[in-house]
Protein chains: 2
Amino acid sequence: MLKETTIDHALRATWQAVAKMYNEQAAKHGSTMATAFVLLNIDYENGTPSTALGPQMGMEPTSLSRILKNMEDDKLIYREKNPVDGRSVLIKLTDFGKEKRKISRQSVIAFNEKIRMELSDEKLNHFFEVTDKINQLIAEREIFNEIKRKAV
Amino acid sequence: MLKETTIDHALRATWQAVAKMYNEQAAKHGSTMATAFVLLNIDYENGTPSTALGPQMGMEPTSLSRILKNMEDDKLIYREKNPVDGRSVLIKLTDFGKEKRKISRQSVIAFNEKIRMELSDEKLNHFFEVTDKINQLIAEREIFNEIKRKAV
């Protein structure tokens, strides 16, 4: 019973459902959610430094470089020396990558529009307030410190 | 800019933050979030059929059986022939597993109580309404069918 009503369970189950849906949608275009997600995180015109992508996406360097390698093989992206900082590398979209990015963006917009159509602004704002508060409390390490203080 | 305000981004980022926090908390007890999650999904007294666990947890059979194997090695669980159905196996908690399950449950309760303390019931109810609606629309395959219908 506990797990049905907890906040973490709602987050986990809902994110898993969204991820599964996005993966199925990506598969229709011969892609994956991870690839689509990387495409969306690369600046359309100027590309994005490879070192910025991982932190920006909350992704482990090893998983990210595996995906980037595949995306390079698929000619969705290419690497270019950063004109501003010679030691770093820019990940840039090919024309094909730009096309695919547009399709991914359409799917994200379609999903968000559909959900927004079905729910009031008030409910959605409260949803964002709740997720913001959770992120804030976790970032401030408030959750389990609180218990320690109580236990002392 | 898009990704900062999308519903999927809020879900993904928040679930990742919660998972990271739970993993750090589990590590303090020499465990992982996945193990804690399995412990919480096993019926305390009667155990749970191994075939029911995967669907209940939304977990792939291969990942689940790897975790169950480790948990058996760690003496957190044991397998017993199902008295009701001889072909299926029950996963049951050892006394040590029951102890660890209580600790996991405390962490889940602490997290949920902390969040509930910081947010009004109205906001939380709207949060759950939004996640329920997302799950419902995905389950009914409403999201991308809608686009197809519009496009025709």
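# How the two chains meet and how their helices pack

In this predicted model, the copies meet through the same surface, because 100% of the interface residues of chain A are also interface residues in chain B.

Q: What makes the relation between chain A and chain B that of a two-fold axis?
A: A turn of 180° with a shift of 0.0 Å along the axis lays chain A on chain B, and the RMSD is 0.0 Å. That is why the relation is one of a two-fold axis.

Q: Which residue of chain A comes closest to the rotation axis?
A: A:Phe127 does, with its C-alpha at 2.2 Å.

Q: How many residues of each chain are in contact with the other chain, and which elements of chain A give two or more of them?
A: On chain A 44 residues are in contact with 44 residues of chain B. The elements of chain A that give two or more residues to this side are α1 (2-5), α2 (7-28), α6 (95-118), α7 (121-139) and α8 (143-151). By class, the residues on the side of chain A that touches chain B are 25 nonpolar, nine polar and ten charged.

Q: Why is α2(B) called roughly perpendicular to α3(B)?
A: Helix α2 (residues 7-28) of chain B packs against helix α3 (residues 33-41) of chain B at an angle of about 90°, and their axes are 8 Å apart. Angles of 65 to 115 degrees count as roughly perpendicular, so α2(B) is roughly perpendicular to α3(B).

Q: Which residues make the contact of α2(B) with α3(B)?
A: From α2(B) they are B:Ala19, B:Tyr22, B:Asn23 and B:Ala26, and from α3(B) they are B:Met33, B:Thr35 and B:Ala36. This contact has five nonpolar, two polar and no charged residues.

Q: How do you know that α3(B) and α6(B) are roughly perpendicular to each other?
A: The axis of α3(B) and that of helix α6 (residues 95-118) of chain B cross at roughly 105° and come within 9 Å. The range for roughly perpendicular is 65 to 115 degrees, and therefore α3(B) and α6(B) count as roughly perpendicular.

Q: Which residues of α3(B) and α6(B) meet?
A: B:Ala36, B:Leu39 and B:Leu40 in α3(B) meet B:Gly97, B:Lys100, B:Arg101, B:Ser104, B:Arg105 and B:Val108 in α6(B). Four residues of the contact of α3(B) with α6(B) are nonpolar, two are polar and three are charged.

Q: What are the domains of chain A, and what separates their centres?
A: The domain assignment gives domain 1 (2-118) and domain 2 (120-152). The centres of domain 1 and domain 2 of chain A, taken over C-alpha atoms, are separated by 26 Å.

Q: Which elements of chain A have the lowest and the highest mean pLDDT?
A: The lowest mean pLDDT belongs to α1(A), at 54, and the highest to α7(A), at 97. Over chain A the mean pLDDT is 91, with 93% of residues reaching 70 or more. For the model, ipTM is 0.87 and pTM is 0.86.

Note on methods
Residues numbered from 1 in each chain as written. Chains lettered and ligands numbered in written order. Predicted model: local features only at pLDDT ≥ 70, side-chain atom pairs only at ≥ 80, totals over all residues. Contact = placed C-beta atoms within 7 Å. Helix = DSSP H or I, 4+ residues; strand = E, 2+ residues; numbered from the N terminus. Nonpolar A, V, L, I, M, F, W, Y, C, P; charged D, E, K, R; others polar. Domains from an automatic or database assignment. Axes fitted to C-alpha atoms, helices over the stretch in contact; angles between N-to-C directions. Parallel < 35°, antiparallel > 145°, perpendicular 65-115°, else oblique. Least-squares fit on C-alpha atoms with pLDDT ≥ 70 in both. pLDDT = per-residue confidence, 0-100.
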